[in-house]
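The exercises below concern a predicted model. Please work through each task before reading its solution.

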2 protein chains.
Amino acid sequence: MTNSTFPQLRKDPIVDRWVLIAPERAERPTELEEPAHLAHHETCPFCEGREGETTPEVLAYRAPGSRPDGPGWKLRVVGNRYPAVRGDILGKPCIDGLFAAEPGVGAHEVVVECPQHEASLAALPQEQIQRVFAAYRDRLKALRNDERLAYAQVFKNHGVAAGASVEHSHSQILALARVPHGLREEFDAANAYHRAHDRCIFCDLLAREREAGVRMVNETEYVAAFTAFAGRFPYETWLLPKRHAGHYDRLTDPELTDAANTVRTILRRLGEINDDAAYNYVLHTLPLRAADSPAYHWHIEILPRLTGVAGFEFATGCFANPVPPEEAAAQLRAGI
Amino acid sequence: MTNSTFPQLRKDPIVDRWVLIAPERAERPTELEEPAHLAHHETCPFCEGREGETTPEVLAYRAPGSRPDGPGWKLRVVGNRYPAVRGDILGKPCIDGLFAAEPGVGAHEVVVECPQHEASLAALPQEQIQRVFAAYRDRLKALRNDERLAYAQVFKNHGVAAGASVEHSHSQILALARVPHGLREEFDAANAYHRAHDRCIFCDLLAREREAGVRMVNETEYVAAFTAFAGRFPYETWLLPKRHAGHYDRLTDPELTDAANTVRTILRRLGEINDDAAYNYVLHTLPLRAADSPAYHWHIEILPRLTGVAGFEFATGCFANPVPPEEAAAQLRAGI
């Protein structure tokens, strides 16, 4: 086991918690940790004209006639140069008593969200954010064609405190051969609720939030957003499509437009309240190979990183959030 | 529910994940976030001579004849001035469909680890670190007398990246009326293993680690330490007593001496490898009211904070660790 090829997924010997041991990540440069990081602008590998500094693109929205891996694009998706998982490793799962591991097979992609050196997704025009959400849809569909992959996690890290290492606005897609345990818990809970009540727990939650009103942040024709009742982070906000739907990549164009614009609106408002605060957002959707489900409902969780995550949280799994979600919603609503 | 008294524990509407909504924490000053934070030394509320700036002490190791809340102490435990939970709130659990909450009843204490302004526990002499580990024992015993409390979490945040807001070396104890779900999972897993094998999973893990050797970091007469097979963090190290024991606060004096000295040795070595890296350490022990158990084994987890926790981790529960635990152990061993 100790001579195995990395990257590797390992299970904790005690609890059902998996970890990705990914030595290639250690070589990743962290331009943002240097105080003068804005100077890096001039050598940014994500800017138009420096396509040769990334791996080849797997998707691009480009001007007609422009060439792959050259200028003339609106958005590019490329392989991560410091991947946490790889598509080219072999090996089998291995269980040796308390020690279980398997090869870290997968795909790790970067969505370069704009050609110019802009650090903030929220600062981009609406049509550009719509391209970002369209790229998630296109890549999820494409990754489903790799039969080894079970789940594709779309996420964004904005700001050093949220784990970003490159300034140029980007998000990531990390696809694994295993459904991660954190999502498995959510699917299991949704399925248990559906068995008991014959309804989708997210549809019910949305109905309750609309009725209560105190945590509602924004609602459009196709999507709704509210602060999470038990948000781990201050201003934690969830966004759902109003129509029940399990797979993000089957969303309609009008839903996509509303989802993208609403995320933009919330991020802009968050930035106003907290001075361009660091945040993560994450997409929760059905596993790539799952049939559509009456129990599960895709959603986006926006996780502002205004508070540190410390020993208490890692010891207990219980986060401390200093901003009551009702108060956070009132502040968010006030400027929308 | 929205008019409830804070602090409040809330359950996530979907999964079994609890959050502490604690508005008083928002008022906490964060001296460490200011670049010139070392200047705060002169106004540090934890230094000897400024006892009037803390809440009254609940425990102190002091020179004979010295007066409570005055100078002359080696270690003090005081109430946290910005508590995440409180002992003086009333109220009952409340379940309203998907929304479950209960009052954040508990105790939140600070262990001031030395009288002089020293930022690093690892820099203290052995006998002082032994006092810190004795204080944990004494406070756990004392907190058991409050019948409302179910679990007391001992933890330490060292450095800004680990969530510390005060420089003077200190740790914390946060006791709750509910066993946190993260620990409940660990207890459940240990109990399931014991039912299946009639053995303690931690005793078995220690035996396997000693046999394998590659992750062993240090071993004394009474305790052993190894890097975690599926460590979430680079250099994550677990320390266990070699004798099976569920309750930390029933450890013997020789065990306490060995545990304290070994934690000190590992923290010093970590600081050498990574230039005074930020870290958390957390104590996992049986719930306050639990009978001794053949299934569970107290232990300390040392969690260095060299890598950010980002969107992928919060989305999936799966951490990415760039340092293989076998390599981390070799580095740690090399200097011990």
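Three exercises follow, each with a worked solution.

**Exercise 1. Overall form of chain A**

Determine how many helices and strands chain A holds, and assess its compactness.

Solution. Chain A contains six helices and 15 strands. Its radius of gyration is 20 Å, close to the 20 Å that the globule rule gives for 336 residues, so chain A is as compact as a globular protein of that length. The C-alpha trace of chain A spans about 50 × 50 × 40 Å along its principal axes. Turning to burial, 52% of the 336 residues of chain A count as buried. Finally, among contacts in chain A between residues at least 6 apart in sequence, 68% join residues at least 24 apart.

**Exercise 2. The surroundings of T220(A)**

Locate T220(A) and decide whether this residue is buried, partly exposed or exposed.

Solution. T220(A) lies in the loop between β10 (216–219) and β11 (223–227) of chain A. A residue is partly exposed when its count of other C-beta atoms within 10 Å falls between 12 and 20; T220(A) has 16, and is therefore partly exposed. Leaving aside neighbours within four places in sequence, T220(A) is in contact with D258(A) and T262(A). D258(A) is 38 residues away along the chain, yet the C-alpha atoms of T220(A) and D258(A) are separated by 6.8 Å.

**Exercise 3. A strand pair in chain B**

Establish in which sense β10(B) and β11(B) pair, and what they form.

Solution. In chain B, strand β10 (residues 216–219) and strand β11 (residues 223–227) pair in the antiparallel sense over three bridges. Within this pair, N218(B) stands opposite A225(B) in β11(B). With three residues between them, β10(B) and β11(B) form a hairpin.

Methods
Residues are numbered from 1 along each chain as its sequence is written. Chains are lettered from A and ligands numbered from 1 in the order in which they are written. This is a predicted model: local features need pLDDT of at least 70, side-chain atom pairs count only at pLDDT 80 or more; totals for chains, interfaces and linings use all residues. Two strands pair if DSSP finds at least two bridges between them. Helices (H or I, at least four residues) and strands (E, at least two) are DSSP runs, numbered from the N terminus. The radius of gyration is taken over C-alpha atoms; the globule rule is 2.2 Å times the number of residues to the power 0.38. Two residues are in contact if their C-beta atoms, placed from the backbone, lie within 7 Å.
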